[in-house]
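Okay, morning everyone, let me put this one up on the screen. I'll keep it short.

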Amino acid sequence: MRLDFYLSHVTELARKAAKIAASKGRVTVNGEVVKKANYTVQEGDQICLDDTLLAWPSEGYYLLHKPAGYVCATQDPDHPTVLDLLPSHLGQELKIVGRLDKDTTGLLLLTTDGQWLHRITSPRKACNKRYRMMLADPISDEDLKLLEGGVMLNGEAQPTLPAVAERISDCDIYLTIQEGKYHQVKRMLAAVGNKVEELHRDQIGPLSLDADILAGEFRELTDEEVAYF
């Protein structure tokens with residue numbers, strides 16, 4: 001790992017500030033001053049900033065309440081990204097666990113742990129994801145049963161896997177799915193002749209979005225929550 005990248009990951013320094021700190025001789029690696037920002041450091045090195053010993057970064061696991069208008073990407077020339085909602089020193093190594101559309105809100109997970117991400121997103125793991133949606137038209141009991149049994153999506157060769165559909169009101173339902181096809185929930189409702197007007201994800205596996213975390217806010221997952229997956 002590059003020295004400047006390491007410093008920006010474990011301190012409040014931005015990447016540019018980390019390079020300046022190194023160039024001024026404020027950083028030592030195993031007791032030796034290192035001024036080159038591209039110097040390679042590895043776990044086990046003793047790295048100090050201003051004579052303060054720094055820890056090696058551990059894996060990060062975060063829950064974010066995604067607001068509308070943000071895209072699930074590391075960079076985007078036209079729209080703000082979900083990583084813009086986190087401090088810069090956290091967002092540099094975070095990977096987004098799955099995707100939500102720009103206009104979709106709700107529970108989003110982020111992590112530096114690639115294996116943990118794979119356990120959640122791999123189709124073989126069949127991790128449930130629950131969405132609450134407002135529909136353009138009232139939905140019938142028959143259409144709810146169709147959604148639960150699996151529907152053919154436009155352009156797909158196989159129907160969707162069985163789902164769980166729960167009515168809240170005529171135009172307000174929960175839909176729990178295991179898959180993650182492109183725009184799947186919206187396409188499922190289109191397959192039964194309806195349209196999703198608002199979409200919000202509130203649960204992934206056993207993990208639910210906190211009621212007191214407002215849109216745009218985030219928190220670190222507990223060890224118990226990390227172990228869910």
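I'll go through the sheet, then the helix, then one loop residue.

Before anything else, keep in mind that this is a predicted model.

So, the sheet. We've got 4 strands in an open sheet, and the order goes β2-β1-β3-β4, with antiparallel pairing. Out at the edges sit β2, residues 32-33, and β4, residues 52-53, and each of those pairs on one side only. If you zoom in on β1, that's residues 27-29, you'll find 2 bridges joining β1 to β2, and those two strands run antiparallel. As a landmark there, Thr28 stands opposite Val33 in β2.

Now over to helix α1, residues 3-10. Is α1 mostly covered or mostly uncovered? Mostly covered: 7 of its 8 residues are buried. Those are Leu3, Asp4, Phe5, Tyr6, Leu7, Ser8 and His9, and yes, Asp4 and His9 really are on that list.

Last stop, Val41. You'll find Val41 in the loop between β2 and β3, with β3 being 47-49. Why does Val41 count as buried? Because its relative accessibility is 2%, and the cut-off for buried is under 20%.

And who does Val41 touch? Skipping neighbours within four places in sequence, Val41 is in contact with Met1, Arg2, Leu3, Tyr6, Val29, Ile47 and Trp56. Two of those names came up with the helix: Leu3 and Tyr6 are among the buried residues of α1. For a backbone distance, take Val41 and Phe5: they're 36 residues apart along the chain, and their C-alpha atoms are separated by 9.7 Å.

That's my tour, thanks.

Note on methods:
Residues are numbered from 1 along each chain as its sequence is written. This is a predicted model: local features need pLDDT of at least 70, side-chain atom pairs count only at pLDDT 80 or more; totals for chains, interfaces and linings use all residues. Side-chain values use heavy atoms; hydrogens and water are left out. Two strands pair if DSSP finds at least two bridges between them. Buried means under 20% relative accessible area, exposed over 50%, partly exposed in between (1.4 Å probe, protein chains only). Contact means heavy atoms within 4.5 Å.
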